[in-house]
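Visitor: I'm new to this one, so could you pick a single part and take me through it closely? After that, I'd like to know how the rest is laid out around it.

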Amino acid sequence: MYAEVVVDIPSESTKGIFHYSVPCELEDQIKVGSAVLVPFGARKITGYVVGFTDTPDVACVKDIHGIRGDSGLGDELMVLARWMNRYYTCSLGEAIAQMFPSSVRRGRTRPKFESVVNLAISADEAETLITEMECKAPRQAEALRIVLQKGPILSKRLLTNSYGATAGAVRALIAKGILSETEREVLRNPIKKPRGAEKPPPVLTPEQDKAVQTIIKNFDEERKKPFLLHGVTASGKTEVYMRVIEAVLERGKSAIVLVPEIALTPQMTRDFSERFKEKVAVLHSRLSQGERYDEWRRAGRGDARIVVGARSAVFAPVRNLGAIIVDEEHETSYKQEESPKYHARDVACERARISKAVCILGSATPSVESYYKALNGDYTLLELPYRVENKELPTVEVVDMREELAAGNRSIFSRPLFEAISDRLEKKEQVILFLNRRGYSTFVLCRECGYSMRCPNCDVALTYHAAGNRIRCHYCDFEQPVPSICPNCGGRYIRYFGAGTQKIEGEVKRVFPHARTIRMDTDTTRRKGAHETIVTTFQKGEYDILIGTQMVAKGLDFPNVTLVGVISADTCLNLPDYKAGERTFQLLTQVAGRAGRGEKRGHVVVQTYSPGHYAIEQGTAQDYRGFYDEEIACRSEGGYPPFSRLILVVVSGKNLSEVERHSVSLAKALQTRTRSAKQWKNTKILGPSPCAMSKVKGMHRWQILLKVDPIAGPDDHSNLINDVLKACPVPSYGIMIQVDVDPENIM
Ligand SMILES: [Zn+2]
Ligand SMILES: [Zn+2]
């Protein structure tokens, strides 16, 4: 018997399968899906068993050295890995590696042990001994009594620290053979025990009840199409998830709940563990390695039957999967930006299909792709159109920044926003100021009429390049000099935009010197626990103004916030990305959901140079369907998803001319190949052109964007890409190629 092993080294020469012999002593443990330690060249590395064979491909086969982690993946996850291997054109080793915690991959799994004492004699004998020892050795008698009451197996630490036995007495009892001492594993549990009285589950609204019943009925009838649960903010989606999970557990199955990393607050895990107690395991990046490893094993052993986690929890090794829930399915953080560049929502749908589980995608602002699928019958649409406590939505005021300029106000605060902030500071109410996360891309806009420069071919915003003072489309490489006079109105106030949170914070401090401000963005939340600290101190009212990026919008509850200001909706609207409109609509909806969560009604001020854009109009009106209808028409016009599948190929390297040359030859090879085959006749190839972020960490980046027919299956597009990459090998060691299927960001 020989094992077929793949390794997790992302290079062309290591993509294949390697054969190793299985030593006798490991024969029972090694299965398909096991992580193993294998010699590889001069090194020892982690590999994954993908099959077995009788005939090895080399004469001298080396032995597998050992096994890593105590359980393998199981058949269903292996099927999923093979699907990822094809769909995302990553290597099988890369796909499987995603499914193990990094501690297993690096061989740093250290279970934690504790000493336990065990009664080594019968209970009757112990009773007699206690009476005998009462006078001569009262402490030993006491220790033995505790073991009788709480034992018979008891943690030594608990016995001495919490129950008051003395260490000397315990030692003496062990020496006499009355107690025996052994080691046992303790699982590190990251979930804090909920404090306070348990809340009874709320009564469902008729809409919630209907959604729950529909999902459960479908589950029982095994007609397993994914559900799209479209519920406005605060409509009670989480309660629907919990009821479905209850039903799934009753039927002997397990569940996975995915939430965006940033929404995975202690609040969220507390809600789940309050309802489901120790059946819950959590998996996210803020856990220690040990906690992650233990939670992962609890899921694999079936001790935890609900896994709540971020993106990678989609691979949790739960047995008997009955339901996968993807909350906030439109969130970009579900897309992994490193290879393999998978999207957890799409992986969840595939995993549910393989395991015949029910899949629920929930959102207040579903992605255009998911809503399209729901309208076309690929998903079942469920709607929760009302807020649970019927709290009023906040009032939204759109401020036209062109008018502010015309009135002589050049500050970043419009007059209405300035007045609203001053008013809240006076009333001791709190304010959130929003900024779009991606401040780094610069676009060009006329401050007099709001006209922004867009590509005539691709309808995406053009990005400003200081070198040569030009603006450029990074999809198709269209470029032109920055006009000095607005082509729309002849105005002279053409400006580059792209301010960061830090700059805004400076402005706020200058204009409102007495306000206590705090900033929340990727810089200030890098440290472990920093995010929670900012949230709790702001909740406690230690600050007046919170300045932040999208991350403050996610699932947080600030009852004393009555004003939310969006500094510039245009930074989102003018992202050089075909999804800019969708992102803007999502941002406005989330923002509106943050204001007025308490008793007082909230107010939102949105500053923009394009008040007439449909994403801003429908976002202000909170009209998802209205937005969708406009957006889907644009997508159809431009041939963007869901009307095509995008594949982004990025070539990067230190030497610019080499990067450019190789991009050109890849694009040519793609042209030739797609032109000759019938299934690719609708394929469009944009580029090569420099990426919007054309240089990152000293590496020049060029891109080719493919729009392929969405009907093409994963085998088709991965064959196309792999063939072309093989036909055009990289010219030198310094050139890197990354393939991103269904990219979330084309930057
Ligand atoms: Zn203008
Ligand atoms: Zn273009």
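Guide: Let's start with one strand, then move on to the core, a helix, two more strand pairings and a few odd spots in the backbone.

Some housekeeping before we go in. This is a predicted model, where local features need pLDDT of at least 70 and side-chain atom pairs count only at pLDDT 80 or more, while totals for chains, interfaces and linings use all residues. Residues are numbered from 1 along each chain as its sequence is written, and chains are lettered from A and ligands numbered from 1 in the order in which they are written.

Our strand is β25, residues 545-548. Its name comes from DSSP runs, numbered from the N terminus: helices are H or I with at least four residues, strands are E with at least two. Ile545 and Ile547 point one way from β25, Leu546 and Gly548 point the other way, and all are buried. Buried here means that 20 or more other C-beta atoms lie within 10 Å of a residue's own; 12 or fewer makes it exposed, anything in between partly exposed, and the C-beta atoms are placed from the backbone.

Now look at what pairs with β25. Two strands pair if DSSP finds at least two bridges between them. Strand β18 (residues 430-434) is parallel to β25 and pairs with it over four bridges. Strand β24 (residues 517-520) also runs parallel to β25, again with four bridges. Find glycine 548 in β25: phenylalanine 434 stands opposite it, and so does methionine 520.

Step back and the chain falls into six pieces: domain 1 (2-99), domain 2 (112-186), domain 3 (206-384), domain 4 (395-441 + 499-635), domain 5 (442-497) and domain 6 (645-741). Those bounds come from an automatic or database domain assignment. Taken over C-alpha atoms, the centres of domain 1 and domain 4 are 49 Å apart.

What about the inside? In soluble globular proteins, nonpolar side chains tend to be buried together. A nonpolar core, as counted here, is a set of buried Ala, Val, Leu, Ile, Met, Phe, Trp, Tyr and Cys residues joined through C-beta atoms within 7 Å. The largest one has 181 residues, and Ile256, Val307 and Ile360 touch the most other members. Helix α9 (residues 237-250) gives the largest share of this core, seven residues. Apart from that core lies another, of 13 residues, including Val147, Leu154, Ala165 and Ile178.

Zoom in on Ile360. Leaving out residues up to four places away in sequence, Ile360 touches Ile215, Phe227, Leu229, Tyr241, Val244, Ala323 and Ile325. Touching means that the two C-beta atoms, placed from the backbone, lie within 7 Å.

For a helix, try α20 (residues 614-621), whose buried residues are Ala615, Ile616, Gln618, Gly619 and Thr620. Their cover includes β17 (395-400), α18 (570-573), α19 (580-594), β27 (603-608) and α21 (624-638). Right after α20 comes glutamine 622, with a positive phi near 55°.

Back to strands. An open sheet of six strands, with mixed pairing, has the order β5-β2-β1-β4-β3-β6. β5 (62-63) and β6 (66-68) are at the edges with a single partner strand each, so one side of each has no neighbour in the sheet. Within this sheet, β1 (residues 2-7) and β4 (residues 43-53) are antiparallel and share six bridges, with valine 5 opposite valine 49.

Further along, β29 (residues 684-696) and β30 (residues 699-708) run antiparallel with seven bridges. They form a hairpin with two residues between them, and lysine 697 in the turn has a positive phi of about 50°.

That brings us to the odd spots. Most residues other than glycine have a negative phi, and most peptide bonds are trans. Proline 688, in strand β29, is joined to glycine 687 by a cis peptide bond with omega about 5°. The bond from serine 339 to proline 340 is cis too, with omega near -5°; proline 340 sits in the loop between β14 (321-327) and α12 (344-355). Glutamate 328 is in the loop between β14 and α12, has a positive phi of about 55°, and counts as buried with 24 C-beta neighbours inside 10 Å. Lysine 277 has a positive phi near 55°, but is exposed, with 12 other C-beta atoms within 10 Å.
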